[in-house]
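Please open the model in your viewer and keep the sequence panel beside it. We will go from stop to stop, selecting a few residues each time.

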Amino acid sequence: MLARRALVAVLLLTTSGSLAGCGDDGPPAPRVDGKTQAAWMKQLGSTLPKQQAAAIEALAQFEPPPLNRLAEFLDKRGRTVRLAAIRAMGTIGPAAASQAEKLAPLLEDDVEDKAGSNARDFRNAAMLALQKMGKGAFKPIAHMLVAEDPRHRLRAVFTLSAFAADLENGTNT
């Protein structure tokens, strides 16, 4: 009986040591909407615009976000994907200020499509994204303050007003 208890104790000690190491690969990978960054990156390669847009929006929430990969979708994409990329820059905020030069020209785009919405939608999304980027977005917008077109000047003033206090305090870069 004593031998049986000793055997059980030995088995428990040896298996508990090996079980303690099982599955201990460190902290779980961060997830957004239940998916890892790798899964969202894979979905980014989809041919379906809604799938790509969902991936762009999710990837913008990771820390750090894959900024350069997301910035690729700011140019020459369909409406759904391009809007998602513009909004993603706003979600990323000041860390995306390096992409302000790609967004600022959208504030000057007055050409509408047949439905009359693409330029306006891109313009409004870019304005919000630039505001969230903060003072790092100042330089690409500054030239618009002296533009001939009063609409462009107004858009520049409205966009810059979101971080005017930082600019007034001399904290601009």
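Helices and strands here are DSSP runs, helices of at least four residues and strands of at least two, numbered from the N terminus. With that in hand, select Asp 33: it is found in the loop between strand S1 (31-32) and strand S2 (35-36). Keep in mind throughout that this is a predicted model.

**The whole chain**

Color by secondary structure before zooming in. You should find 10 helices and two strands, running α-β-β-α-α-α-α-α-α-α-α-α from the N terminus on. Of the 173 residues, 38% count as buried. Among contacts with a separation of 6 or more, 59% are between residues 24 or more positions apart.

**Asp 33 and its loop**

Go back to Asp 33 and check its backbone. Phi is near 50 degrees, a positive value in a residue other than glycine. Is the residue buried or exposed? Asp 33 is exposed, with a relative accessible area of 69%.

**Helix H2**

Next, select residues 37-44, which form helix H2. Show the side chains of Trp 40, Gln 43 and Leu 44, the buried residues of this helix. Around the axis they cover an arc of only 110 degrees, so they sit on the same side of H2. That spacing fits a general rule: an α-helix has 3.6 residues a turn, so residues three or four places apart point the same way. What do the buried residues of H2 pack against? Their partners are S1, S2, H3 and H4. Now turn the helix around: the face away from the buried side carries the exposed residues Ala 38 and Lys 42.

**A cis proline**

Move along to Pro 64, in the loop between helix H3 (49-59) and helix H4 (67-71). The peptide bond joining Glu 63 and Pro 64 is cis, with omega at about -5 degrees.

**H5 against H7**

Select residues 79-92 (helix H5) and 118-133 (helix H7) together; their axes are 7 Å apart, and the helices pack at an angle of about 15 degrees. That angle makes H5 roughly parallel to H7. The crossing is left-handed. To see the contact, show Arg 79, Arg 82, Leu 83, Ile 86, Met 89 and Gly 90 on H5, then Asn 118, Asp 121, Phe 122, Ala 125, Ala 126, Ala 129, Lys 132 and Met 133 on H7. By class, this contact has eight nonpolar, two polar and four charged residues.

While you are on H7, pick out Asn 124, which is found in this helix. At 38% relative accessibility, Asn 124 counts as partly exposed. Draw a distance from its C-alpha to that of Leu 106, and you should read 8.7 Å, although the two residues are 18 apart along the chain.

**Met 144 and helix H9**

For the last stop, select Met 144, in the loop between helix H8 (138-142) and H9. Met 144 is buried, with a relative accessible area of 0%. Which residues touch Met 144, leaving aside its neighbours within four places in sequence? They are Ala 104, Leu 107, Glu 108, His 152, Arg 153, Arg 155 and Ala 156. The C-alpha atoms of Met 144 and Arg 155 are separated by 8.2 Å.

Finish on H9 itself, residues 150-160, where the buried residues are His 152, Arg 155, Ala 156, Thr 159 and Leu 160. Look down the axis of H9: these residues fall within an arc of 125 degrees, so they line one face of the helix.

Note on methods:
Residues numbered from 1 in each chain as written. Predicted model: local features only at pLDDT ≥ 70, side-chain atom pairs only at ≥ 80, totals over all residues. Heavy atoms only, no water. Axes fitted to C-alpha atoms, helices over the stretch in contact; angles between N-to-C directions. Parallel < 35°, antiparallel > 145°, perpendicular 65-115°, else oblique. Left-handed = near helix turned anticlockwise from the far one by under 90°. Contact = heavy atoms within 4.5 Å. Nonpolar A, V, L, I, M, F, W, Y, C, P; charged D, E, K, R; others polar. Buried < 20%, exposed > 50% of the residue type's maximum accessible area, 1.4 Å probe, protein only. Arc of directions from axis to C-beta.
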